[in-house]
Amino acid sequence: MASEGAAFLEASIGRVIRRLCSEKVAFETDPGRSGKSNKYIEKNVELLVQWCQEIWRSIYDAREKCPMYVKTLSHTCAILTQRFQSHAKIILAHTVPHRV
């Protein structure tokens with residue numbers, strides 16, 4: 001089972017993640033932490049979106065290589081989320097601290 005999962009990870013995001021690491025891509029999107037201009041932050045947000053899109057596209061392109069047990073688990077999670085969505089909202093409303 002683990003080797004199937006590893007093969008899917010390699011097929012889906014391996015190339016993109018290796019490129020991300022080899023290019024030493026870094027981006028700060030929190031203006032408070034960067035101390036840089038809004039234009040710098042906007043550029044970093046755009047870069048983050050581009051990388052996320054590339055990762056999701058890579059996962060989508062490898063979808064046929066996804067092991068059956070992962071597909072089944074994903075389907076089960078989707079059903080449970082849909083069925084218990086209202087309960088989850090109530091639980092989250094009472095457990096997640098509100099930001100001021």
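The dialogue below goes through the values of a predicted model and the definitions behind its labels.

Colleague: What makes a part of this model fit to be discussed at all?

Modeller: The model is predicted, and local features need pLDDT of at least 70, side-chain atom pairs count only at pLDDT 80 or more, while totals for chains, interfaces and linings use all residues. Residues are numbered from 1 along each chain as its sequence is written, and side-chain values use heavy atoms, with hydrogens and water left out. The mean pLDDT of the protein is 80, and 82% of its residues reach 70 or more, where pLDDT is the predictor's confidence in each residue, from 0 to 100.

Colleague: Where is confidence lowest, and where is it highest?

Modeller: Helix α5 (residues 85-95) is lowest, at a mean of 62, whereas α3 is highest, at 90. Where pLDDT is low, the predicted coordinates should not be read in detail.

Colleague: How many helices and strands does the protein have, and how do you know what to count?

Modeller: There are five helices and zero strands, because a helix is a DSSP run of H or I with at least four residues and a strand a run of E with at least two, numbered from the N terminus. Along the sequence this gives the pattern α-α-α-α-α.

Colleague: What span does α3 have, and what is expected of it?

Modeller: With 24 residues, α3 reaches 34 Å from its first C-alpha to its last, close to the 34 Å expected at 1.5 Å a residue; the expected span is 1.5 Å times one less than the number of residues.

Colleague: Why is Ser 58 called buried?

Modeller: Buried means under 20% relative accessible area, exposed over 50%, and partly exposed in between, with a 1.4 Å probe and protein chains only. The relative accessible area of Ser 58 is 11%, so Ser 58 is buried. This residue of helix α3 (residues 38-61) is in contact with Ser 12, Ile 13 and Val 16, leaving aside neighbours within four places in sequence, where contact means heavy atoms within 4.5 Å.

Colleague: What makes Asn 44 buried as well?

Modeller: Asn 44, also in helix α3, has 6% relative accessibility and therefore counts as buried. Not counting residues up to four places away in sequence, Asn 44 touches Phe 27, Glu 28 and Thr 29. Buried residues make up 14% of the 100 residues in the protein.

Colleague: Why does Leu 9 count as partly exposed, and Lys 24 as exposed?

Modeller: Leu 9, in helix α1, has 48% relative accessibility, which lies between the two limits, so Leu 9 counts as partly exposed. Lys 24 has 70%, which is over 50%, and therefore counts as exposed. Lys 24 is in the loop between α1 (2-22) and α2 (31-34), and its phi is near 50°, a positive value in a residue other than glycine. Most residues other than glycine have a negative phi.

Colleague: How do you know that Lys 36 lies over the face of Tyr 40?

Modeller: A charge sits over a ring if NZ of Lys or CZ of Arg is within 6 Å of the ring centre and within 35 degrees of the ring normal. Lys 36 lies over the face of Tyr 40 at 4.9 Å from the ring centre, and Arg 63 lies over the face of Tyr 60 at 3.8 Å, so both distances are within the 6 Å limit.
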